[in-house]
Structures are given as C-alpha cells and as structure tokens.
Amino acid sequence: MCQSRHLIYLTTLKDNEVICHELLLVKGFVEKICHCNIITLQDIKKNKIYQYTLVKNCNNFKFLIQLECGQNQYIINYCSASQRLNLFFEPSNSIYHIQPLYIIHQNHDGHFQTEDEKPNSPVEACKIIELNLKIVQCLFAEKLLESGLTNNLRKTFSLKSKCLIFHSKQSVEKALESDENTLWNDLAFEIINSNLGEDSKIKFVAFLACTRYNGKDLSGDTSYENIKKNTRANPALGGGGLALFGSGYFYSWPTTFEEIIDCFKNYKKIDLSTQLDESNYRRTYGGCFATTLGAIAHEIGHCFDLGHTKEGIMGNGFDYVNLAFVNEDFTENLPDRIVQTESVKDQRLTKIKKGENKFLENYHEQKGGGDCTYFSKNCSIILAHHKWFNLQNESDEKSEITFMKSIIKSSKFNLVLIEIREKVNGLVIQFYELLNRKHKEFEVPEHFTKLERYNIFVITENGDLKLFE
Ligand SMILES: [Zn+2]
Ligand SMILES: [Zn+2]
C-alpha cells in the first residue's frame, strides 16, 4: 500500500457545476506522484471506467466525457486518492443556433469518399458531423473559459437538432467544377431560399457529400498545392450565416464518442494515392483529424464575426487541436503554417508551406491552456459578448453603432472592442479593448480612419456589432 498522500485537483471544473454542452474535458493534476501512472475516471451512471496514463514527467490529466441530460456522477481515482465529481448537463436554451447540414447534389447518391470498407452512407455522415461539431462546441467553451473573459462561465454556441440532409438542386457535375467561392455562394442562396432559411437566428455548418480526391494523378508531386489541385468540391469557407466544408477527410474522423481520443492519437500513415491529406504535412490520420477539425473551428469563427489574427485559431494555430484533448509529447518536426491571406471574401488560409519554425517557438511558449490552441484576446472578447454565445430573449434592446468623422458611437450599450482590420485579408492589425471602461464613444486614430484601406469592426457589451467597410 502506497504511503504517499496524493491529492487530485480539477483545474477547470467545480463540483455540481451546470454544463451547457454534451462533450466535456475533465482536466486536472495530481499532487505527489508515486510509481503509479494510471488515473481512472469512473462514470457511475453509465458504469464505465476510463483510464488515463500519465505522460512522463507530467502530472496533468485530461479525460473527455460525454454527459447525459441531468445529473452525472464521477469518481476520479489515483493510487490511494479519490475525488468525487457531480455535474449537471442542461443543454443551452439560447434562441440562436448552429444547424448542421449534409449536402447532397443532384445525381449524387450521398455516399462520401472514404476507405474501402468503411460505412459512408448519408446516415453515417450525419453521425460523424453531429459528433465532431460537438467536439468543436466543447473546444470553443474550453478556450473561452481559459481566456478568463467570461466570468468563469462556459460559453459556446448551441447546436440545433440533428444533422439534416439538404438536397441541392444543382448537379453534382456543376459542383465538382466549381471553386469554393462559387460553391459557397450557390449553396448560401439555395439554403436562404429554402424553408430552412426563414429563421435568421440559425447559422449553418454544411458538409458536401460529393468531395472527390483523385490521388492517382499526383505524379509524384505530393505538395499540398498539388493535392488540392487533384481535389474537387472541397471548400473550407466560413462567413455570415454559412460555413461550408468538404467531406474528403471523414476517413480520419470519429463516428462514435468512444473513438475520439484514438482518432487524435492515430499515427497511421495516410495513403496519398487514395486519401485526401489535410494534415499540414504530418501525413498521419491523427494529424489530418486535428488540422481539419481546427479548420472547422477557424471557419466557424468567421461566422461569429472573427477576423484573422497573426496567432491562434484565427491565424496559423489551428493544426494542433489534438493537444487540447490529449497530453501528447511530440514537438519534433512541427511544420510551420505560413499564413497567406488573399481576399476578404476568401476568408481563409489556403497555402501551406514549410517555413521558419516560428510555430515551434509559439509551441514552447505554451500559450492558452498550455496546448498551443487558443483564441487571441480580441477574438475571445468578441465571442464572450457575441449574441450566439449568450442567453438572449427576443425583446432585447439594441444599440445603434455609428462612425462619423473618426468617432465611433454606440447609442445605448458600452463599447467593448474596436478592431482595425486590413481590407485585403481581414487581418486585425490593431485593436482597442474597452472592457469595463463604460465608454459609448471612441475616437479612431486618424491614420486608421481610411475605409478604403481598413475595415473597422465594433462590438458592444450587448453583442451589437458592426463592420464599417
Ligand atoms: Zn501512490
Ligand atoms: Zn480565415
């Protein structure tokens, strides 16, 4: 019997806390580690035990759990120590939602491209989409909590119903020929004009069934550029009320909750002749899962009015989402993602190259929750005040925001953030944080008032927002 007096601490959860999202990270650490390197979390309701192996020289642990509505009870055990945890899951009753969609074009059977024997029906696709958006939902809550800007509240978007299948009237042939902007425009138009488009309090996250990767034609050129050239109908574009994606990397995504952690830790090599590699040159299933899930978070971020930042999820830091969920020790060969921002409309990072290893420096700085995935401060301020992340009622009052002669004015609520964004690429080059200052007016420095060069983004404490362009 071990003589040490171990203590188990939880870093982000309180006993009896009410949680508004179904998937949850239970994070903490053990004080005084002995020879024992296993921590267990017992889910009493489901009668299941999850096991976590401590990483060498690290006393932190992470469990991903799936909550059931109402009360959930857990016991965390390490050696002789034991810690109880009660949590209540109450899905958010926000009036603003994300609706997941799986899009099937005319003349397409709805089966997505994947490994030979894996199920790939529309039903399977919907399962994958629902589960993985719940992971992104959890990521937003976790990262906002870590930002310290939410008064210790977990804030995230809420998901509306199950993933729905949307039959596009466009032919699959047309979709396969279209670039991502055209796909986005066409589908946004179709969705808005369908019965789904009547509710302005819904934003859509949609995945195309028809994404096609033809790896047989790479001819030895395995650069990401060439991979993209051989991929059709694979958009990753978010903004306004729609974030649109392909399905070519679903082979690396989990279908059930039990598979999630294994998918993040899957080091199996991608077969470039048949599988679309979106791993930022890691060439592993786990790398592809992390990068694509990070890209989803990035594009959904645009739907919530975030611009580009030099760092973090809205910049070049969305390849390592896996580290938010697992403690893994692999800093070798981290490739650097070069931020290339093109047009405002094309609000995404497209070109990926190996470059100077600035990313590695960022990694060592251990920003955010120590897992190198985070929203920069200005992005966190926007999300923390965004209507989609806060409980609202229909009759909420609004603030009129005006911009005249370099003065920004809010008619009712205090300003919390002003961002100066480059017009060409949406990159935030300067921001002014006005939290707790109770200002309804702000004077923009003269050199930033040229709207032909800059866009000015404004948000109030009430989540009223405006982009002057
Ligand atoms: Zn012990
Ligand atoms: Zn972007």
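Let's start with an open sheet of four strands, in the order β19-β18-β21-β22, with antiparallel pairing. Strands here are DSSP runs of E at least two residues long, helices are runs of H or I with at least four residues, and both are numbered from the N terminus. Two strands pair if DSSP finds at least two bridges between them. The edges of this sheet are β19 (428-433) and β22 (465-468), each of which pairs on one side only. On average, neighbouring strands in the sheet are turned by 15° against each other, with direction ignored. (For these angles, axes are lines fitted to C-alpha atoms, for helices over the stretch in contact, and the angles run from 0 to 180 degrees between N-to-C directions.)

Before going further, keep in mind that this is a predicted model, where local features need pLDDT of at least 70 and side-chain atom pairs count only at pLDDT 80 or more, while totals for chains, interfaces and linings use all residues. Residues are numbered from 1 along each chain as its sequence is written, chains are lettered from A and ligands numbered from 1 in the order in which they are written, and side-chain values use heavy atoms, leaving out hydrogens and water.

Back to the sheet. Strand β18 (residues 415-422) pairs with β19 in the antiparallel sense over five bridges. If you look for Leu417, you'll find that its bridge partner in β19 is Glu433. Helix α9 (residues 377-385) lies across β18, β19 and β21 (454-460), running at about 130° to β18.

Now move to another sheet. Five strands form this open one, in the order β10-β9-β11-β15-β14, and the pairing is mixed. Its edge strands are β10 (164-171) and β14 (236-239), each pairing on one side only. Neighbouring strands are turned by 20° against each other on average, again ignoring direction. At one edge, β14 pairs with strand β15 (residues 242-245) in the antiparallel sense over four bridges, and Gly238 stands opposite Ala243 in β15.

What packs on this sheet? Helix α1 (residues 122-147) does, touching β9 (97-106), β10 and β11 (202-208). The direction of α1 makes about 150° with that of β9. Helix α6 (residues 285-303) packs on the sheet too, touching β11, β14 and β15, and its direction makes about 25° with that of β14.

Let's stay with α6 for a moment. The helix has 19 residues and reaches 27 Å from its first C-alpha to its last, close to the 27 Å expected at 1.5 Å a residue; the expected span is 1.5 Å times one less than the number of residues. Is α6 enclosed or open to the outside? 19 of its 19 residues are buried, so α6 is largely enclosed by the rest of the structure. Buried means under 20% relative accessible area, exposed means over 50%, and partly exposed is in between, using a 1.4 Å probe and protein chains only. Cys288 is buried, with a relative accessible area of 0%. The sulfur of Cys288 is too far for a bond, because the closest cysteine sulfur, in Cys263, is 11 Å away. Indeed, the structure holds zero disulfides, a disulfide being a pair of cysteine sulfur atoms within 2.5 Å. After α6 comes Asp305, whose phi is positive, near 70°.

Next, have a look at the loop between β9 and α1, where Asn120 is found. Leaving aside neighbours within four places in sequence, Asn120 is in contact (heavy atoms within 4.5 Å) with Gly110, His111, Phe112 and Thr114. A polar atom of the Asn120 side chain lies 2.7 Å from the backbone oxygen of Phe112.

Our last stop is β3 (residues 23-31), a mostly covered strand with seven of its nine residues buried. Strand β1 (residues 7-10) pairs with β3 in the antiparallel sense over four bridges, and the bridge partner of Leu7 in β3 is Glu31. β3 also runs antiparallel to strand β6 (residues 60-66), joined by seven bridges, with Phe29 opposite Asn60 in β6.

Lys27 sits in β3 as well. Is Lys27 buried or exposed? Lys27 is buried, with a relative accessible area of 8%. Not counting residues up to four places away in sequence, Lys27 touches several residues, including Tyr9, Phe61 and Glu146. The side chains of Lys27 and Glu146 are joined by a polar contact of 2.7 Å. A polar contact is a pair of N or O atoms within 3.5 Å; within protein, one must be able to donate a hydrogen and the other to accept it, and residues adjacent in sequence count only if both atoms are side-chain atoms.
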